[in-house]
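Welcome! Please take a moment to look over the sequence and the model shown here, and then we will walk through some of its features together.

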Amino acid sequence: MEADELLVLVAGGDQKAFEELYGLVSGPVYGLVRRVLRDPAQSEEVAQEVLLELWRSAARFDPRRGSALSWVLTLAHRRAVDRVRSARAAGEREQREALRANHPAFDQVAEEVEAGLEREWVRICLDRLTALQRQSVTLAYYDGYTYREVAERLSLPLGTVKTRMRDGLTQLRKCLGGAA
């Protein structure tokens, strides 16, 4: 019996016709898939999927549009190309993930080194202030006191503390500007 007739019988659920059709088309299907995929194990898997699809979708075959073998080989070619595209997309995804893993968005070591250098530079600049300026700035910026609280702690008028703070911050700004 010809493949066209067998495929029509398969569409009606005839298992004997499917066995005969399987014998006719399995070799050409595997050969075509193997030429596209080149990998024997994947080719066997895809050929099996094509033959299963043939059983399930035999009713879609229209003999007026071409031969059964051409229809089956078209199914096989599409399935093999889909597998190649899928494998390529998976490879590209893995490559992107590998690139992301090798280039972290945040370099913790560099950040720590930079923060350490900045702390050291601030310490150097604070040491260049007068003792009175350094004391006021430290109380306000490191200990969190308000200017009024700094004035109370140092037993000084608020205006004097503001002047020391302004002069100290001006000196710090100049000194830290040299760090950049």
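Let us begin with a pocket. The largest pocket in this predicted model has a volume of about 160 Å³. Which residues line the largest pocket? The lining is made by Arg60, Phe61, Asp62, Arg65, Gly66, Ser67, Ser70 and Trp71. Sorted by character, the lining of the largest pocket holds two nonpolar, three polar and three charged residues.

Next, find two helices that meet. Helix α6 covers residues 131-142 and helix α8 covers residues 158-177, and the two pack with their axes 9 Å apart. The angle between α6 and α8 is about 90°, so these helices are roughly perpendicular to each other. On the α6 side, the contact is made by Leu132, Gln133, Ser136, Val137, Ala140 and Tyr141. On the α8 side, the residues are Arg164, Met165, Asp167, Gly168, Leu169, Gln171 and Leu172. Taken together, the residues of this contact of α6 with α8 are seven nonpolar, four polar and two charged.

One residue of this contact is worth a closer look. Glutamine 133 lies in helix α6. Is glutamine 133 buried or exposed? Its relative accessible area is 13%, which is under the 20% cut-off, so glutamine 133 is buried. Leaving aside residues up to four places away in sequence, glutamine 133 touches Arg164, Asp167, Gly168 and Gln171. Each of these four partners is also named among the α8 residues of the contact.

Now for some loops, and a word about backbone angles. Most residues other than glycine have a negative phi. Arginine 38 is not a glycine, yet it has a positive phi of about 70°. You can find arginine 38 in the loop between α2 and α3, where α3 spans 40-57. Serine 155 is another residue other than glycine with a positive phi, in this case near 55°. Look for serine 155 in the loop between α7 (147-154) and α8.

A third loop residue is glycine 13, placed between α1 (3-11) and α2 (15-37). From its C-alpha to the C-alpha of alanine 58 is 9.0 Å in space, although glycine 13 and alanine 58 are 45 residues apart in sequence.

Two more residues sit in helices. Leucine 9 belongs to helix α1. With residues up to four places away in sequence not counted, leucine 9 touches Met1, Asp14 and Ala17. Where would you look for valine 109? Valine 109 is in helix α5, which runs over residues 108-127.

How far apart are leucine 9 and methionine 165 in the model? Their C-alpha atoms are separated by 97 Å, and the two residues are 156 residues apart along the chain. For valine 109 and arginine 78, the C-alpha to C-alpha separation is 50 Å, with their positions 31 residues apart in sequence.

The table below gathers the accessibility of several residues we have met.

| Residue | Relative accessibility | Class |
|---|---|---|
| Glycine 13 | 41% | partly exposed |
| Arginine 38 | 65% | exposed |
| Serine 155 | 64% | exposed |
| Leucine 9 | 35% | partly exposed |
| Valine 109 | 59% | exposed |

Why does valine 109 count as exposed? Exposed means over 50% relative accessible area, and valine 109 has 59% relative accessibility, so it counts as exposed. Leucine 9, at 35% relative accessibility, counts as partly exposed, because that class lies between the 20% and 50% cut-offs.

Definitions and conventions
Residues are numbered from 1 along each chain as its sequence is written. This is a predicted model: local features need pLDDT of at least 70, side-chain atom pairs count only at pLDDT 80 or more; totals for chains, interfaces and linings use all residues. Side-chain values use heavy atoms; hydrogens and water are left out. Axes are lines fitted to C-alpha atoms, for helices over the stretch in contact, and angles run from 0 to 180 degrees between N-to-C directions. Angles under 35 degrees count as roughly parallel, over 145 as roughly antiparallel, 65 to 115 as roughly perpendicular and the rest as oblique. Contact means heavy atoms within 4.5 Å. Ala, Val, Leu, Ile, Met, Phe, Trp, Tyr, Cys and Pro count as nonpolar, Asp, Glu, Lys and Arg as charged, and the others, Gly among them, as polar. On a 1 Å grid over the protein atoms alone, a cavity is a set of points where a 1.4 Å probe fits but cannot get out, and a pocket is an open set with protein on both sides within 12 Å along at least five of seven lines; lining residues have an atom within 4 Å of a point. Grid points are joined across faces, edges and corners, and a volume is the space filled by probe spheres set on the points. Buried means under 20% relative accessible area, exposed over 50%, partly exposed in between (1.4 Å probe, protein chains only).
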